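User: I should like to learn how to read the local and packing features of a model such as this one. Please give the general idea each time, and then the case at hand.

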Amino acid sequence: MNRDHEFMALALEQARKSYDEGGVPVGAVMVENGKVLAAGHNQRVQQGDPIAHGEMDCIRKAGRCARYDTVTLYTTLSPCMMCAGAIVQFGIGRVVVGEDRNFKGNAGFLREHGVEVSLLDDEGCRSLMDAFIAERPDLWDEDIAGNG
């Protein structure tokens, strides 16, 4: 479990990077056998790309891989349906979620499709998202398409 907190701290660094760039503070890290394969953050605002969520950016940066079933994806916020679909599509075996209070996401969908999901309920992830939502409710609503 300590490793989960360690890797979530890296995902939170990615979320802060997006926040500092004026974007939505969601970060993600992909890990296999204790080694970071890729890190990414939400870049919807920065790139003007509606599907550039943190998880998608991380998966893209990881590049091609024959199999992802031994990979753990750490994400600061519970994945939306698009990101959950990509996780299932590529067979990512485990997802560790920083927080789901601000957005429930689709942990149930992931579990129904055989993905192991762990929730850390991380204060750092939650407080960063709380601050962002208070400062930019318009951008938050755009990011989740009113499905909060």
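Analyst: We may begin with D69, which counts as partly exposed at 38% relative accessibility. Buried means under 20% relative accessible area, exposed means over 50%, and partly exposed lies in between, with a 1.4 Å probe and protein chains only. This is a predicted model, in which local features need pLDDT of at least 70 and side-chain atom pairs count only at pLDDT 80 or more, whereas totals for chains, interfaces and linings use all residues. Residues are numbered from 1 along each chain as its sequence is written, and side-chain values use heavy atoms, with hydrogens and water left out.

User: Where is the place of D69, and with which residues is D69 in contact?

Analyst: D69 lies in the loop between α3 and β3; helices (H or I, at least four residues) and strands (E, at least two) are DSSP runs, numbered from the N terminus. Contact means heavy atoms within 4.5 Å. Once neighbours within four places in sequence are set aside, D69 is in contact with G91 and G93. By contrast with these contacts, M129 is 60 residues from D69 in sequence, and their C-alpha atoms are 29 Å apart in space.

User: What does UniProt place at residues 2-118?

Analyst: The record, an unreviewed entry, places the feature "domain: CMP/dCMP-type deaminase" there. UniProt positions are given in the numbering used here, feature names are shortened, and annotations may be inferred rather than shown by experiment. In the model, residues 2-118 are 40% helix and 25% strand, and the C-alpha atoms at the two ends are 13 Å apart. One residue in that range is R16, in helix α1 (residues 2-20), which is partly exposed with a relative accessible area of 40%. From R16 to A62, 46 residues along the chain, the C-alpha separation is 20 Å.

User: Which residues touch the most other members of the largest nonpolar core?

Analyst: A nonpolar core is a set of buried Ala, Val, Leu, Ile, Met, Phe, Trp, Tyr and Cys residues joined through side-chain atoms within 4.5 Å. The largest one here has 30 residues, and M30, L73, I87, I92, V95, L110 and W140 touch the most other members. Two or more residues each come from β1, α3 (54-62), β3 (71-77), α4 (81-89), β4 (94-99), α5 (107-112), α6 and α7 (137-144). The largest share, 4 residues, is that of α4. I92 shows the packing: beyond four places in sequence, I92 touches M30, I59, Y68, V71, L73, I87 and V115. Apart from this core lies another, of 12 residues, including M8, A15, V29 and C125.

User: How should the packing of two helices be described?

Analyst: Two packed helices are described by the angle between their axes and the distance between the axes. Axes are lines fitted to C-alpha atoms, for helices over the stretch in contact, and angles run from 0 to 180 degrees between N-to-C directions. The axes of α3 and α4 come within 9 Å and cross at roughly 30°. The two helices are therefore roughly parallel (angles under 35 degrees count as roughly parallel, over 145 as roughly antiparallel, 65 to 115 as roughly perpendicular and the rest as oblique). E55, M56 and I59 of α3 make the contact with M82, C83 and A86 of α4.

User: How many disulfides does the structure hold?

Analyst: A disulfide is a pair of cysteine sulfur atoms within 2.5 Å, and the structure holds 0 of them. The sulfur of C83 has its closest cysteine sulfur in C80, at 3.7 Å, which is too far for a bond. For C58 the closest is that of C83, at 10 Å, also too far. C58 is buried at 0% relative accessibility, and C83 is buried with a relative accessible area of 0%.

User: Is T76 buried or exposed?

Analyst: T76, in strand β3, is buried at 3% relative accessibility. Residues up to four places away in sequence not being counted, T76 touches M8, A11, L12, A15, P25, V26, G27, G98, E99 and C125. T72 is found in strand β3 and is buried at 11%; on that basis of counting, T72 touches V29, M30, V31, R94 and V96.

User: Where is N33 found?

Analyst: N33 is in the loop between β1 (27-32) and β2 (35-41), and is exposed with a relative accessible area of 74%. Its phi is near 50°, a positive value in a residue other than glycine. D121 also has a positive phi, near 50°, and is not glycine. D121 sits in the loop between β5 (116-119) and α6 (123-135) and is partly exposed at 29%.
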